[in-house]
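Please examine the structure below together with its sequence. The paragraphs after it are intended to be read with the model in view.

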Amino acid sequence: MENQDKIICSELFQKQRKVEVVLYPAVLAWKEIEKSSKRSSGTSESEHSQTVKVCEIVAVHKTEDEADAQARSHPKKINQPSQQYPYAFTVSYVRRTRQHLWCCADVTFHCADQQICEQWIQVANEQLSLLTNRPKNLLVYINPYGGKRRGERIYEQKVAPVFRRAGIFTDVIVTERANHARDHLKTEANLDDYDGVVCVGGDGMFSEILHGLVTRIQTDHGVDQNQPDAELVPCSLRIGIIPAGSTDCICFATQGTNDPVTSALHIVVGDSQPMDVCSVHHNGVFLKYSVSLLGYGFYGDVLTDSERNRWLGPARYDLSGFKTFLSHNYYGGTVSFLPADDNVGHPRDKLQCRSGCRICQHKHSSKDEHDEASEEKEKAAEDSDRGWSVIHGKFIAINSASMSCACPRSPKGLSPFAHLADGTTDLILVRKCSRLDFFRHLLRHTNNDDQFDHWFVEVHRVRKFRFQPGHPDLAPLEDASEHPESPDLSPISSLQETYDDRTAESSWNCDGEILHHTAIQVSVQCQLIRLFARGIEEQQDAEVAV
């Protein structure tokens, strides 16, 4: 910090200690001023110093009437610093507590001179005004029915005070029905008035916001969402998630916690995390967008059964999961996929997606560098069947994870090393196996063991995939005129099975919603949206150097 230019520096009082406070362009620092003779032996100067990143300061404001209040409470203590230094300002900032949890902390500095106090407030707020990524106006949707019906209370008690402290203006809409937020975003909301959209609820509420916002952007730009290969326009407005649902998987996988205050602070400081979105089509008709899990077989059956027991609340997922496991159903079908480039890694490479992920950043920079010729070349390769791989078989589960899908019950998630913004999804195929083998696979979702290290499990990082249920000879994968057969297409697994039976069909679980078609085509839309998040921080990155 010595190499940085000081913006303002003063000797002030903080907690009855005289401190030197310095504001640099990137850091606010203060350290206790003590005579060396009074300093405890073995105590380093750094232990008397603290720093806060300017980008993580929430607000700087005058401390109203603090001196008068203390004088009234303790009239005899005339020598207290609050009497000698009657003017004060408070800095509210992000403080990390337990891993990935943030809280809003305050530090108050006392001044003897009113002009110095006002100068500090003015200069500090001028520095904050330079942070143009911070939102000033937000559109907030609250789902009062999701999870345990705590959405309104969570917002009013925990989130709204943080927004007010940061000077953020909000328009709040409490939804009255399913898809209220989606429909309002698609047709009525004036998006030019806002710097972001915030949803207070669970993953279902986020899905509403996602579909409403993405659809609105495509409509405004004349993009036909029914075209599977259409180049979708990225959303300029960021989405904030205040967790108030049952699992809050998306929030957990992008921040490492399901804490409303932490989420609110990520919004306040203007974090921005790009995210991939999968577009799902059936026979040239758009069905849904997905950002976390597309699951056929086991997870589709769990969701279908749980819908019959909604009166149980979140407990219905446990009951349905147990029943589906005992049923041990498997389904026949054909999966074809377009593998990802080598530079995005592999689902088992142990490279976790964390804040500042180099793989996601590399994908972003490579997108910016592409010219039209290279884009046309890449599109031609994708449209050609020569690059596709095909697998026939019987499957207990077919899962597509565009993120780790981690949650408190499964801290590592369905695909621990999936990336948020690399333009790919991890395709996990669980073949027909014994109930005991499948239980071993599920058990590894709750521990650190490699859940893909089974003979009946294979995983591929892909950019696109298609699925056709049933016997491949009875139901062609795609229309022959659109996707002609190629002798180059061959099964990549030695475990290919041939079968004559017509097994029943399952359903697709798309981010907690059931799809009404089983034959689907999925394309990854690279970095289509951005969240008010920064990815999960490494623990050492969460500490501010002094």
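What follows is a guided reading that begins with one strand and its neighbours and then turns to other sites.

The model is predicted, and every value given here is computed from it. A convenient place to begin is strand β18, which spans residues 457-469. The strand is mostly covered, with 13 of its 13 residues buried. Its pairing partners can be taken in turn. Strand β15 (residues 331-339) runs antiparallel to β18, and seven bridges join the two. Within that pairing, Leu338 is found opposite Lys464 of β18. Strand β17, made of residues 425-431, also pairs with β18 in the antiparallel sense, here over six bridges. Asp426 has Arg461 of β18 as its bridge partner. A further antiparallel pairing, of four bridges, connects β18 with strand β21 (residues 520-531). In this case Phe467 stands opposite Ile520 in β21. In a regular strand, side chains alternate between the two faces of the sheet.

Strand β18 also leads to the aromatic contacts. A pair of aromatic rings is described by the distance of the centres and the angle of the planes. The count of aromatic pairs comes to 16. In one of them, the ring centres of Phe298 and Tyr299 are 5.1 Å apart and the planes meet at 85°; the pair is therefore edge-to-face, as the angle is over 60 degrees. Phe298 and Tyr299 are both buried. Another pair is formed by Phe467 and Trp508, with centres 5.7 Å apart and planes at 80°, so this pair is edge-to-face as well. The contact links distant parts of the chain, since Phe467 belongs to strand β18 and Trp508 to strand β19 (residues 508-510), 41 residues apart. Phe467 and Trp508 are both buried. These two residues belong to one aromatic cluster together with Tyr296, Tyr331 and Phe465. Phe467 thus appears both opposite Ile520 in the strand pairing and as a member of the aromatic cluster. A contact of another kind involves Arg466, which lies over the face of Trp388 at 3.8 Å from the ring centre.

The cysteines come next. A disulfide is a covalent bond between the sulfur atoms of two cysteines. A search of the whole structure finds zero disulfides. Cys251, for example, is in no disulfide, and the nearest cysteine sulfur, that of Cys199, lies 8.9 Å away. Cys251 is buried, with a relative accessible area of 1%. Why is the sulfur of Cys278 not in a bond with that of Cys510? The sulfur of Cys510 is the closest cysteine sulfur to that of Cys278, but the distance is 8.6 Å, too far for a bond, because a disulfide requires sulfur atoms within 2.5 Å. Cys278 likewise counts as buried, at 1% relative accessibility.

Where the interior leaves space, cavities can be examined. Seven cavities of 30 Å³ or more are found in a search of the whole structure. The largest cavity holds about 60 Å³ of space. Its lining consists of Leu23, Leu28, Val54, Ile57, Val60, Phe89, Val91, Trp120, Ala124 and Gln127. Three elements, β5 (57-62), β6 (87-96) and α3 (114-129), each supply at least two residues of this lining. The largest share, three residues, comes from α3.

A few single residues complete the reading. His211 is placed in helix α6, which covers residues 203-220. His211 is buried, because its relative accessible area of 8% is under 20%. His211 and Asp183 are 28 residues apart in sequence, and their C-alpha atoms are 9.1 Å apart in space.

The last two residues concern backbone geometry. Most residues other than glycine have a negative phi. Lys350, which is not a glycine, has a positive phi near 70°. Lys350 lies in the loop between β15 and α11 (358-369). Lys350 is exposed, because its relative accessible area of 53% is over 50%. Gln527, also a residue other than glycine, has a positive phi of about 50°. Gln527 is placed in strand β21, the strand joined to β18 by four bridges. Is Gln527 buried or exposed? Gln527 is buried, because its relative accessible area of 7% falls under 20%.

How values were computed. Residues numbered from 1 in each chain as written. Heavy atoms only, no water. Buried < 20%, exposed > 50% of the residue type's maximum accessible area, 1.4 Å probe, protein only. Pairing = 2+ DSSP bridges. Phe/Tyr/Trp six-rings, centres within 6.5 Å; stacked < 30°, edge-to-face > 60°. Lys NZ or Arg CZ within 6 Å of the ring centre and 35° of its normal. 1 Å grid on protein atoms, 1.4 Å probe; cavity = no way out; pocket = protein on both sides within 12 Å on 5 of 7 lines; lining within 4 Å. Points joined across faces, edges and corners; volume = space filled by probe spheres on them.
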